[in-house]
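Here are a few friendly notes on the charged residues, for when you have the model open. Have a look at the structure, then go through the points below.

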Amino acid sequence: MRRYHAVMITKQQYVEYLICTIGNYTSSHLAEHLEDVSHDVITDYLRSEHLTAHGLRELVFRLIQDSPEAFMLVDDSVQDKRYSQFIELVKLQYSGAEHGLVRGIGIVNLVHSAGDKQDFYPIDYRIYAPDQDGKTKNEHFSEMVINAVYAKKIKAKRILFDSWYASAENLKLVHRLGLIFFTTLKSNRMVSLSKEGGWIHLDEIEWTAERLRNGVMIKLKEVPFKVHLFKVVATNGDIDWVTTKCQDETLTTQAAQGANDVRWQVEELHRGLKQLTGIEKCQCRTGRSQRNHIACCYHAWLSLKVMAKSLGKTLYQTKDGLLSDYLRAELAAPRIQAFLPA
């Protein structure tokens, strides 16, 4: 019978477990692989800690390449908990990845990017839990952006987000903060090309060849300044309505699309957190345990990012390397050999 002593688990041990385990991210699995540490010790750790995004920011700020030419990216992600019935923070909400409603834990992320194909790091995140704190995703958006500009003195002057966050209030906020936004709009957004023309739906605009190249200046309802609108048509026919409040009115559709494309780095963060750190896999029931697990997952992602950069590899290659080392050792001296006929 296995005996347990009064051995505590540290954040470092939990984060390193998230980094190196493959597929199984449960407390019981971790307990099986730590000397004299029980499942209860691990669950007690997750219930008792108070880890937040502040710890992540302290680590990340020494790594970001901040400048006025850098970007801030905002987007949210749902951690799928569709088969979990008794976990706090889980609620039915829209998931872009699933293109429908999913039971899960929502997270709003603020990511700092040095630019297209350059380094990016999460600098803040907020758990979407309206039943606990009464805050909407847009309120989390405004709090994080204001904190980044005023409290953290982030120099990045360009901010990217999708149509979910393109409300009149958010557009006015980022404009007051002196930021240049690039965002997408829904096709039914009310716009005006002139006072005489009145208000029409965005997709009713007539697009000449010149407008397709260089966009068109429009007025959005309830927004007190004009914005530059671009119709970006993908090769499969999908349309993005990209808009910006940029001082350069000679901006072309191609340039606007290039700036907006940087936003997909936040999708890389979402994918990496889910596939490499087990952010969705924690089955603890309390909200505090889920929050602490999520905080450790961000730390695990960051640790993989730092190591991957030093090795000149991707995060996926870096984590797969752990399994490769094990496989080489087993092939060199198999502990379980093939059963062969005599």
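Which residues are linked in a network of salt bridges?

1. The network is made up of Arg57, Asp124, Arg126, Lys135 and Glu143. Please bear in mind throughout that this is a predicted model. Within the network, the side chains of Arg126 and Glu143 meet at 3.1 Å, N to O. That pair links distant parts of the chain, with Arg126 in strand E4 and Glu143 in helix H6 (residues 137-151), 17 residues apart. Glu143 is partly exposed, at a relative accessible area of 29%.

2. A search of the whole structure gives 13 salt bridges. One that you may like to view is Lys309 with Asp119, where the closest N and O atoms are 2.6 Å apart. Lys309 sits in helix H11 (residues 287-311) and Asp119 in the loop between strands E3 (100-113) and E4 (120-128), so this pair ties together parts 190 residues apart in sequence. Asp119 counts as buried, with 15% relative accessibility.

3. For a local pair, try Arg47 and Asp44, whose closest N and O atoms are 2.2 Å apart in a salt bridge. They are three residues apart in helix H3 (residues 39-48), so about one helical turn separates them. Arg47 is partly exposed at 43%, and Asp44 is partly exposed at 39%.

4. Lys91, in strand E2 (residues 91-95), deserves a look too. Lys91 is buried but has no salt bridge, and the nearest side chain of opposite charge, Asp131, is 5.5 Å away. Beyond its sequence neighbours within four places, Lys91 has contacts that include Val102, Tyr128 and Asp131.

5. Finally, on the surface, Asp116, Asp238, Asp240 and Asp261 gather in a patch of negative charge. Asp261 belongs to helix H9 (residues 253-261) and is partly exposed, at 34% relative accessibility.

Terms used:
Residues are numbered from 1 along each chain as its sequence is written. This is a predicted model: local features need pLDDT of at least 70, side-chain atom pairs count only at pLDDT 80 or more; totals for chains, interfaces and linings use all residues. Side-chain values use heavy atoms; hydrogens and water are left out. Helices (H or I, at least four residues) and strands (E, at least two) are DSSP runs, numbered from the N terminus. Buried means under 20% relative accessible area, exposed over 50%, partly exposed in between (1.4 Å probe, protein chains only). Lys and Arg count as positive and Asp and Glu as negative; His and the chain ends are not counted. A salt bridge is a side-chain nitrogen of Lys or Arg within 4 Å of a carboxyl oxygen of Asp or Glu. Contact means heavy atoms within 4.5 Å. Patches are made of residues with over 30% relative accessible area and no salt bridge: like charges are joined within 9 Å, nonpolar side chains (Val, Leu, Ile, Met, Phe, Trp, Tyr) within 5 Å. Accessible areas come from the Shrake-Rupley method with a 1.4 Å probe; for residues, only the protein chains shown count as cover. The place of a charge is taken as NZ of Lys, CZ of Arg, CG of Asp or CD of Glu.
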